[in-house]
Amino acid sequence: MSLYSFYPLTDKPTRVTTSTSSLIDNIFTNVTNHILKSGVLVTDISDFYPIFCVIQSKIHTLSRKNVYKNNTCRKNINYFKSELSNVDWSFIMNDQNVDSAYRNFSKVLLMTFNRCCPYTQVHQKIKYEKSPWITSGILKSIRHKNKLYSKYIQSTTLIRKIKYTKFKNVLTAIINLAKKLYFSNLIEDHKSDPTHLWKVINGILNKKHNSEF
């Protein structure tokens, strides 16, 4: 490959066992000056670690717009209630024109709300969707499993492999059981509603069909 000026992007092993470490998969390129970052993702989703590279691009990504929202903390809401109680509403109550009274009421309400609950910038967080049967306890166990796997990779001893494998097998059984109970409860809740029930069944069948690819 080097004869044609193609060079590998990693020299780290992509498959690790208790007795061997081998570099099987790799990315070769002849434009190394455009590579911003590359490496190996250590994960237990497969026997082989995925590899990646980040390439410099001329495509400009859209920056996130600043989002502003009223700060409705408890302190501000209490302040808002207090201010509303001190407003003299007589000019609205005595207004014989319904449209005029409504406009004035809305104006006072909005002005008071914005004064008591000022706008603050909100940092948008990336939300990751998780399966509904994955509870906070299961998520905690998944993180612990990943830590056990990282320790095993750092030192591929038989003891660490057994400890990781046992925990992984128990966790897999718990996740499968939680998934089964989730769909069982879902079917039970909608057994008297055929339309909704078929939506649940079709959803299960589609998930199984998609998981085959």
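**Note on surface patches, salt bridges and helix 4**

1. Phe28 is found in strand 4, which covers residues 28-29. The model is a predicted one. Phe28 has a relative accessibility of 38% and therefore counts as partly exposed, the class that lies between under 20% for buried and over 50% for exposed.

2. Phe28 also belongs to a nonpolar patch on the surface, together with Met1, Leu3, Tyr4 and Phe6. The area of this patch is about 590 Å². Patch membership requires over 30% relative accessible area, and Phe28, at 38%, meets that requirement.

3. A second surface patch carries positive charge, and its members are Arg143, Lys147, Lys151, Arg160 and Lys163. Which helices supply at least two of its residues each? They are helix 4 and helix 5, the latter spanning 158-189. Helix 4 gives the largest share, with three residues.

4. Arg143, one of the residues of the positive patch, is found in helix 4. Its relative accessibility is 51%, so Arg143 counts as exposed, the cut-off being over 50%.

5. Helix 4 runs over residues 136-154 and also holds Leu148. Is Leu148 buried or exposed? With a relative accessible area of 9%, Leu148 is buried, because the limit for that class is under 20%. Arg143, in helix 4 as well, is by contrast exposed.

6. Setting aside residues up to four places away in sequence, Leu148 touches Lys163, Tyr164 and Phe167. Of these, Lys163 is also a member of the positive patch. Between Leu148 and Lys168 the C-alpha to C-alpha distance is 9.2 Å, and the two are 20 residues apart in sequence.

7. The loop between helix 4 and helix 5 contains Ser155. Ser155 is partly exposed, at a relative accessible area of 29%. What separates Ser155 and Thr18 in sequence and in space? They are 137 residues apart in sequence, while their C-alpha atoms are 8.6 Å apart.

8. On salt bridges: side chains of opposite charge can pair when their charged atoms come close. With the cut-off of 4 Å between nitrogen and carboxyl oxygen, the count is three. They are taken in turn below.

9. Asp11 and Lys12 form a salt bridge in which the closest N and O atoms are 3.4 Å apart. Asp11 counts as exposed, with 64% relative accessibility.

10. Asp44 and Lys145 meet through their side chains in a salt bridge, at 3.2 Å from N to O. Why does this pair tie together separate parts of the chain? Asp44 lies in the loop between strand 5 (35-40) and strand 6 (51-55), whereas Lys145 lies in helix 4, so the parts joined are 101 residues apart in sequence. Both Asp44 and Lys145 are buried.

11. Glu83 and Arg115 make a salt bridge between their side chains, with an N to O distance of 2.8 Å. Glu83 is in helix 1 (residues 74-85) and Arg115 is in helix 3 (residues 98-116), so this pair ties together parts 32 residues apart in sequence. Glu83 is partly exposed, with a relative accessible area of 22%. Arg115 is partly exposed too, at 46%.

12. For a check against the coordinates, helix 4 is a place to begin. Helix 4 contains the buried Leu148, the exposed Arg143 and Lys145, the partner of Asp44.

Key:
Residues numbered from 1 in each chain as written. Predicted model: local features only at pLDDT ≥ 70, side-chain atom pairs only at ≥ 80, totals over all residues. Heavy atoms only, no water. Patch = residues over 30% accessible without salt bridge, like charges linked within 9 Å, V, L, I, M, F, W, Y side chains within 5 Å. Areas by Shrake-Rupley, 256 points an atom, 1.4 Å probe, with all protein chains shown as cover. Helix = DSSP H or I, 4+ residues; strand = E, 2+ residues; numbered from the N terminus. Buried < 20%, exposed > 50% of the residue type's maximum accessible area, 1.4 Å probe, protein only. Contact = heavy atoms within 4.5 Å. Lys, Arg positive; Asp, Glu negative; His and termini not counted. Charge placed at Lys NZ, Arg CZ, Asp CG, Glu CD.
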